[in-house]
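This report walks through one protein chain, from its overall surface to single residues. Please keep the sequence and the model in view while reading.

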Amino acid sequence: HAVVCRRGGVRWALDLREGIELSIYLFGAFERTTQHAWKRLLPRGGTAIDVGANIGAHTLPMARHVGPDGRVVAIEPTARAFAALQTNVQLNPELAGRLALHHAAVLAPGGTLP
């Protein structure tokens, strides 16, 4: 069920049993309306924070979009998705310098992680 492919100028390692990954494989992107919004709002050289980055469905395309002077901070709490995010970054070494990956959860003050 795993494939490596190129979609939207990004190389992906995808597990086609997962919805987000199947969407990237079939349609070239996940949440196209969200992608259109950040493409309009995020300037070249800008900085973005992707909270709940998952496998990098928005993180990696944003890193391409901001260019070499931009920065994308990706925060993902789950071990499986964070490992997949790291794999996808490794498949795209030209983007690595624009990315800061954090295996963490963002919680409200006093919040707990189940």
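## Surface and overall build

About 6400 Å² of the protein is exposed, and carbon and sulfur atoms supply 57% of that area. The model is a predicted one. Of its 114 residues, 39% count as buried. The C-alpha trace spans about 40 × 35 × 25 Å along the principal axes. The radius of gyration is 14 Å; a compact globule with 114 residues would have a value near 13 Å, so the two agree.

Four helices and five strands make up the secondary structure. In sequence order they read β-β-α-α-β-α-β-α-β. Contacts reach far along the chain: among those between residues at least 6 apart in sequence, 57% join residues at least 24 apart.

## The core and helix H3

The largest nonpolar core has 23 residues. Trp 12, Leu 60, Val 72 and Leu 99 have the most contacts inside this core. Four elements give two or more residues to it: strand S2 (10-15), helix H3 (59-66), strand S4 (71-75) and H4.

Take Val 72 as one example. Apart from its neighbours within four places in sequence, Val 72 is in contact with Ala 48, Thr 59, Met 62, Ala 63, Val 66, Arg 98, Leu 99 and Ala 100.

H3 deserves its own look. Six of its eight residues are buried, which leaves the helix mostly covered. The buried set is Thr 59, Leu 60, Pro 61, Met 62, Ala 63 and Val 66. These buried residues pack against S2, H2, S3, S4, H4 and strand S5 (99-102). After H3 comes Gly 67, with a positive phi near 80°.

## Salt bridges

Side chains of opposite charge can pair when their charged atoms come close. The structure holds two salt bridges. The table gives both.

| Pair | Closest N to O distance |
|---|---|
| Asp 15 and Arg 17 | 2.9 Å |
| Arg 80 and Glu 21 | 2.8 Å |

The Arg 80 and Glu 21 pair links distant parts of the chain, with Arg 80 in helix H4 (residues 79-90) and Glu 21 in helix H1, 59 residues apart. Glu 21 has a relative accessible area of 2%, so it counts as buried. Arg 80 is partly exposed because its relative accessibility is 40%.

In the other pair, Asp 15 counts as buried because its relative accessibility is 14%. Its partner Arg 17 has 58% relative accessibility and therefore counts as exposed.

## Helix H1

Which residues form a nonpolar patch on the surface? They are Leu 22, Leu 26 and Phe 27, with about 300 Å² of accessible area together. Leu 26 sits in helix H1 (residues 19-27). Is Leu 26 buried or exposed? Its relative accessibility is 52%, and the exposed class begins over 50%, so Leu 26 counts as exposed.

Ser 23 also belongs to helix H1. With 16% relative accessibility, against a buried limit of under 20%, Ser 23 counts as buried. Leaving aside neighbours within four places in sequence, Ser 23 is in contact with Gly 28, Ala 29 and Phe 30.

## Positive phi outside glycine

Most residues other than glycine have a negative phi. Glu 31 is not a glycine, yet its phi is positive, about 55°. Asn 54 likewise is not a glycine and has a positive phi of about 55°.

Where do these residues lie? Glu 31 is in the loop between H1 and helix H2 (32-41). Asn 54 is in the loop between strand S3 (47-51) and H3. Glu 31 has a relative accessible area of 39%, so it is partly exposed. Asn 54 is partly exposed because its relative accessibility is 24%.

Methods: Residues are numbered from 1 along each chain as its sequence is written. This is a predicted model: local features need pLDDT of at least 70, side-chain atom pairs count only at pLDDT 80 or more; totals for chains, interfaces and linings use all residues. Side-chain values use heavy atoms; hydrogens and water are left out. Patches are made of residues with over 30% relative accessible area and no salt bridge: like charges are joined within 9 Å, nonpolar side chains (Val, Leu, Ile, Met, Phe, Trp, Tyr) within 5 Å. Accessible areas come from the Shrake-Rupley method with a 1.4 Å probe; for residues, only the protein chains shown count as cover. A salt bridge is a side-chain nitrogen of Lys or Arg within 4 Å of a carboxyl oxygen of Asp or Glu. Buried means under 20% relative accessible area, exposed over 50%, partly exposed in between (1.4 Å probe, protein chains only). A nonpolar core is a set of buried Ala, Val, Leu, Ile, Met, Phe, Trp, Tyr and Cys residues joined through side-chain atoms within 4.5 Å. Contact means heavy atoms within 4.5 Å. The radius of gyration is taken over C-alpha atoms; the globule rule is 2.2 Å times the number of residues to the power 0.38.
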